[in-house]
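This briefing goes through the sheet, the nonpolar cores and two residues in loops. Please keep the sequence and the structure in view while reading.

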Amino acid sequence: MRIVFAGTPEFAVASLRAAARHHEVVAVYTQPDRPAGRGRGLAPSPVKLEAIARGIPVFQPESLKDEAAQQQLRDLQPDLMVVVAYGLILPKAVLAIPTHGCWNVHASLLPRWRGAAPIQRAIQAGDAETGVCLMQMEAGLDTGPVLLRQHTPIQPAELGGQLHDRLAELGAQVLADGLGLLRAGLKPIAQPQPAEGVTYAHKLDKAEARLDWSADAVALERTVRAFNPWPIAEAQLAGERVRIHGAVALADNQGRAPGTLLAAGRDGIDIACGQGALRLRVLQREGGKAITAADYLNARRDLVVGN
């Protein structure tokens, strides 16, 4: 088969490796290099770096909507296009170019969590499980029929970054299974998504990372987990803005007002919430690095329980 792979972030790298295992990837599409780092120099995407290391030609159009970009893809004569977190819209004309259309690896159990941030939204919502789907792409946003799917539980203390890495590998496995079937002439049967249970995983916004102590402690703990490693939850703690890398919900707020410091020790810093309390375990001060609650307390001798 002649496979064209389209992807950009680290999540897509494992799937690129799976697609390239039989030396069938004739080209890789990825987003143009973007400014990154303190110097804001142009940086290649993780997928581009993997493609270069494998000697695969790389294309980086700003859009696939113009005829020149579409003709470039036609000239590659793809049997299949595999899309994993590419970040650009594929017009209907592009979807029709490959012989077998376009397949997408999506990090949720569709139709739950269509959209940009399915991994984080699943944790934030308290879902007990998630997974990956191999989907036949159509014009709608993640609306296409599902070819294969794999389920996996979300662990009680799992962080967004940890689940991201697990689903990236699971997605590569599902893609490899689908490609194996296609090579054998047994293309997976496309199952339309049910109309019930559709939810949208809207793109993460830094403003969402600000914790409101009047909220339920369980919800705040989920946000802390979901937003690690980005954008990292933040809150006001005794007059100081801190970022919170690790926290756990407690049942009792001792009847105190939200935001009240209930306890401070080596196990963590307990803050009263609207319901329950949140124990902060790993924090980061402005301009500093992530540290344990014990180290934070050594630097904040002014903290007074009950305030």
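**Sheet, cores and two loop residues**

Seven strands make up an open sheet of mixed pairing, and their order across the sheet is β5-β2-β1-β6-β7-β9-β10. The edges of the sheet are formed by β5 (58-59) and β10 (146-153), each of which pairs on one side only. The model is a predicted one, and the points below are grouped by topic.

**Sheet and packing helix**

- Helix α3, which spans residues 67-75, packs on the sheet and touches β1 (3-7), β2 (25-29), β5 and β6 (80-84).
- The direction of helix α3 makes an angle of about 160° with the direction of β2.
- Strand β9, covering residues 129-136, runs antiparallel to β10, and seven bridges join these two strands.
- Within this pairing, L134 has L148 of β10 as its bridge partner.
- As a general point, the strands of a sheet pair through backbone hydrogen bonds, in either a parallel or an antiparallel arrangement.

**Nonpolar cores**

- The largest nonpolar core has 41 residues, and the residues with the most contacts inside it are F5, V25, V28, W103, L167 and L175.
- Helix α6 (residues 160-183) supplies eight residues, which is the largest share of this core.
- A second core, separate from the largest one, has 24 residues, including L211, A217, A247 and Y296.
- In soluble globular proteins, nonpolar side chains tend to be buried together.

**T8, in the loop after β1**

- T8 is placed in the loop that lies between β1 and α1 (13-19).
- T8 counts as buried because its relative accessibility is 14%, and the cut-off for burial is under 20%.
- A polar atom of the T8 side chain lies 2.8 Å from the backbone oxygen of Y86.
- Leaving aside residues up to four places away in sequence, T8 touches T30, Q31, S45, P46, V47, V84, A85 and Y86.

**Q31, in the loop after β2**

- Q31 is placed in the loop that lies between β2 and β3 (34-36).
- With a relative accessibility of 16%, Q31 counts as buried.
- The side chains of Q31 and R34 make a polar contact at 2.9 Å.
- When residues up to four places away in sequence are not counted, Q31 touches T8, Q60, Y86, G87 and L88.
- The two loop residues are therefore in contact with each other, and Y86 is touched by T8 as well as by Q31, under the contact criterion of heavy atoms within 4.5 Å.

Technical notes. Residues are numbered from 1 along each chain as its sequence is written. This is a predicted model: local features need pLDDT of at least 70, side-chain atom pairs count only at pLDDT 80 or more; totals for chains, interfaces and linings use all residues. Side-chain values use heavy atoms; hydrogens and water are left out. Two strands pair if DSSP finds at least two bridges between them. Helices (H or I, at least four residues) and strands (E, at least two) are DSSP runs, numbered from the N terminus. Axes are lines fitted to C-alpha atoms, for helices over the stretch in contact, and angles run from 0 to 180 degrees between N-to-C directions. Buried means under 20% relative accessible area, exposed over 50%, partly exposed in between (1.4 Å probe, protein chains only). A polar contact is a pair of N or O atoms within 3.5 Å; within protein, one must be able to donate a hydrogen and the other to accept it, and residues adjacent in sequence count only if both atoms are side-chain atoms. A nonpolar core is a set of buried Ala, Val, Leu, Ile, Met, Phe, Trp, Tyr and Cys residues joined through side-chain atoms within 4.5 Å.
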